[in-house]
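Here is a short briefing for a first look at this structure. Keep the sequence and the 3D view open as you read.

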Amino acid sequence: MRVLSFFTVPLLALTCCSTPQSSSLPKGAKADRIVVVKHQGWLTAYSGGDELVTYFNIDLGDAPAGRKRFEGDGLVPEGHYVIIRGKRDRRDLPSLSISYPNSADRAYAAERGRSAGGGIMIYGVPVPQPRYVGGKNLTDGDIGLRHAEIRQLLEITPDGTPITILP
């Protein structure tokens, strides 16, 4: 019995904390809002106030805490943006572009004589995620999902969908 409990506890922990590859959604479901909660590591897509899907353990890079302010700071933005479809990820990964920087982001950086940066994406790669390619962290400022998750999110997210990224 002791051996059983030795293996059962870690197995239960993995089961409850792992991210499913994708969950079944109603046919024709479309997101009308996305919310990212950085400190909890999840992204939720909503439709009409109802949760469509939540992805846990999203990748926010080496510095998940803090608000992106400047180009190259490696941080994920916080605030209100929209999804821009049709813009390709520079690494040719399946992705959705985020409208960062907004006018407030640009003004903040400009007041300090810096660039706010840009090109922030929600992207997906096969598991396990190769976080470093050619010495560069793939998630510098971006939000990483598993391949099946981004494929599902691509299917349900129209151009112009609002996205709120919370600390």
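The points below cover the sheet, its strand pairs, the helix across it and the nonpolar core.

This is a predicted model. Its open sheet has 8 strands with mixed pairing. Helix α3, residues 147-156, lies across several of the strands, β1 and β9 among them. The largest nonpolar core has 31 residues, and α3 gives the most to this core.

**The sheet**
- The strand order is β3-β2-β1-β10-β4-β5-β6-β9.
- The edges are β3 (50-56) and β9 (143-146), and each of these strands pairs on one side only.
- On average, neighbouring strands are turned by 25° against each other, direction ignored.
- In general, the strands of a sheet pair through backbone hydrogen bonds, and the pairing is either parallel or antiparallel.

**From β10 to β1**
- β1 covers residues 33-37 and β10 covers residues 162-166.
- These two strands pair in the parallel sense, over 4 bridges.
- V37 stands opposite L166 of β10.

**From β1 to β2**
- β1 and β2 run antiparallel and are joined by 5 bridges.
- V36 faces L43 in β2 as its opposite residue.
- The two strands form a hairpin with 4 residues between them.
- In that hairpin, G41 takes a positive phi near 70°.

**From β2 to β3**
- This pair is antiparallel too, with 6 bridges between β2 and β3.
- A45 has V53 in β3 as its bridge partner.
- The β2-β3 hairpin leaves 2 residues between the strands.
- G48 sits in the turn, with a positive phi of about 60°.

**The helix across the sheet**
- α3 lies across β1, β2 (42-47), β3, β5 (95-98), β6 (121-125) and β9.
- The helix runs at about 105° to β9.
- Which residues does L153 contact, leaving aside its neighbours within four places in sequence? They are I34, L43, A45, Y55, L96, I122 and L145.
- L43, listed here as a contact of L153, is also the residue opposite V36.
- A45, another contact of L153, is the bridge partner of V53.

**The nonpolar core**
- Which residues touch the most other members of the largest nonpolar core? They are I98, I122, I143, L153 and I163.
- At least two core residues come from each of β1, β2, β3, β4 (79-84), β5, β9, α3 and β10.
- The share from α3 is 4 residues.
- I122 appears in both pictures: it is in contact with L153, and it is among the residues that touch the most other core members.

Technical notes:
Residues are numbered from 1 along each chain as its sequence is written. This is a predicted model: local features need pLDDT of at least 70, side-chain atom pairs count only at pLDDT 80 or more; totals for chains, interfaces and linings use all residues. Side-chain values use heavy atoms; hydrogens and water are left out. Two strands pair if DSSP finds at least two bridges between them. Axes are lines fitted to C-alpha atoms, for helices over the stretch in contact, and angles run from 0 to 180 degrees between N-to-C directions. Contact means heavy atoms within 4.5 Å. A nonpolar core is a set of buried Ala, Val, Leu, Ile, Met, Phe, Trp, Tyr and Cys residues joined through side-chain atoms within 4.5 Å. Buried means under 20% relative accessible area, exposed over 50%, partly exposed in between (1.4 Å probe, protein chains only).
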